[in-house]
Amino acid sequence: MSKTVMPVVDTEKCRGCGLCSSVCSCGALVVIENVVTVIETEACGWCTQCEAVCPNQAISCGYLVIIEER
Amino acid sequence: MSVQIEQLQSIPYFSGLDLGELESIKKLVVEKQASRGELLVLEDDSPEMLYYVVSGAVKVFKTSAEGKEQIIGIARPGLTFNDVSVFDGEPNPASAAAMGPVVLYAISRDNMHSIVRDYPEVALNVATVLAGRVRHLLSLVEDLSFRHVIGRVARILLEYAGDKQGPKPHLTQQDMAAMAGTAREVIGRSLKALEEEGTIRMDRHQIVIADKEALANLVESAV
């Protein structure tokens, strides 16, 4: 089964403030004991709002850049 | 929950005030809660409230005539929004909406004016905060007016496009902003513009270059 690509949390930078989980509309980010945990879900539409709101730049929603084959 | 003095101390406008002064100001502050997507400020409406974010995140945005949303900034805990119109009395320059559940402190325009009159040090704090905003906006103006950013974004995308030598690292909008020397919000706008003109396609976590030649032309024209 292929893994769904999800936002990546840098636990060194994460302070567990929960802002990311508060803006996540698909429930992919939850704060458990002050640590953000990512739950794999296809509902994540890569809105990147979690990355945008993080005050510590602890979340990465990276893009793979590819050239369309013709 | 009621308004907390500790939170009021964090509001940049009230920096340097003693506890007694903050206790008096507390009576003029109202707590407000909002849920995801709730519109807190509407562009062009009369100014009513200055807001301070206690928890959660608020996006501040402008809407174009075609209904497109342009995020100007994100107000996180510790920051205020809708300040400008509260001080100058002109219509709200931008809208603001809750990005998730938020708790805010709201101060009406009249109350903010009386606070400034009663506590002169607040006036100096206001000048400091607004001067910081002007600096930030000046850097955005520079990017938007010279239209170089979209060319720089085009160059980054071409440089990072996967080739036969293997995949390149994943790029975040923050990475692109750092590389292009601009704000993340400007990168988002550039990517949207490129997508709208059909040069790229945003496919969840992939940016697909649909028209390599058009992208290369943008790089050339920005030089």
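Let's start with burial in chain A: of its 70 residues, 31% count as buried. Please keep in mind that this is a predicted model, so every number you hear from me is computed from predicted coordinates.

What does chain A hold in the way of secondary structure? You'll find two helices and five strands. If you follow the chain along the sequence, the pattern reads β-α-β-β-α-β-β. As for dimensions, a box of roughly 45 × 25 × 20 Å, taken along the principal axes, is filled by the C-alpha atoms of chain A. And now the contacts: taking those in chain A between residues at least 6 apart in sequence, 53% join residues at least 24 apart.

Now over to chain B, and please turn the structure to its sheet. Here four strands form an open sheet in the order β2-β7-β4-β5, and the pairing is antiparallel. Why do β2 and β5 of chain B each have a side without a neighbour in the sheet? These two, β2 at 39–41 and β5 at 69–75, stand at the edges with a single partner strand each, so one side is left free of a neighbour in the sheet. On average, neighbouring strands of this sheet are turned by 35° against each other, direction ignored.

As a quick reminder, strands of a sheet pair through backbone hydrogen bonds, and they can do so parallel or antiparallel. Let's look at one pair in chain B: β4, residues 58–63, and β7, residues 95–98, run antiparallel and are joined by four bridges. If you'd like a spot to zoom in on, try Val60(B), which stands opposite Ala96(B) in β7(B).

Note on methods: Residues are numbered from 1 along each chain as its sequence is written. Chains are lettered from A and ligands numbered from 1 in the order in which they are written. This is a predicted model: local features need pLDDT of at least 70, side-chain atom pairs count only at pLDDT 80 or more; totals for chains, interfaces and linings use all residues. Two strands pair if DSSP finds at least two bridges between them. Axes are lines fitted to C-alpha atoms, for helices over the stretch in contact, and angles run from 0 to 180 degrees between N-to-C directions. A residue is buried if 20 or more other C-beta atoms lie within 10 Å of its own, exposed if 12 or fewer, and partly exposed in between; C-beta atoms are placed from the backbone. Two residues are in contact if their C-beta atoms, placed from the backbone, lie within 7 Å.
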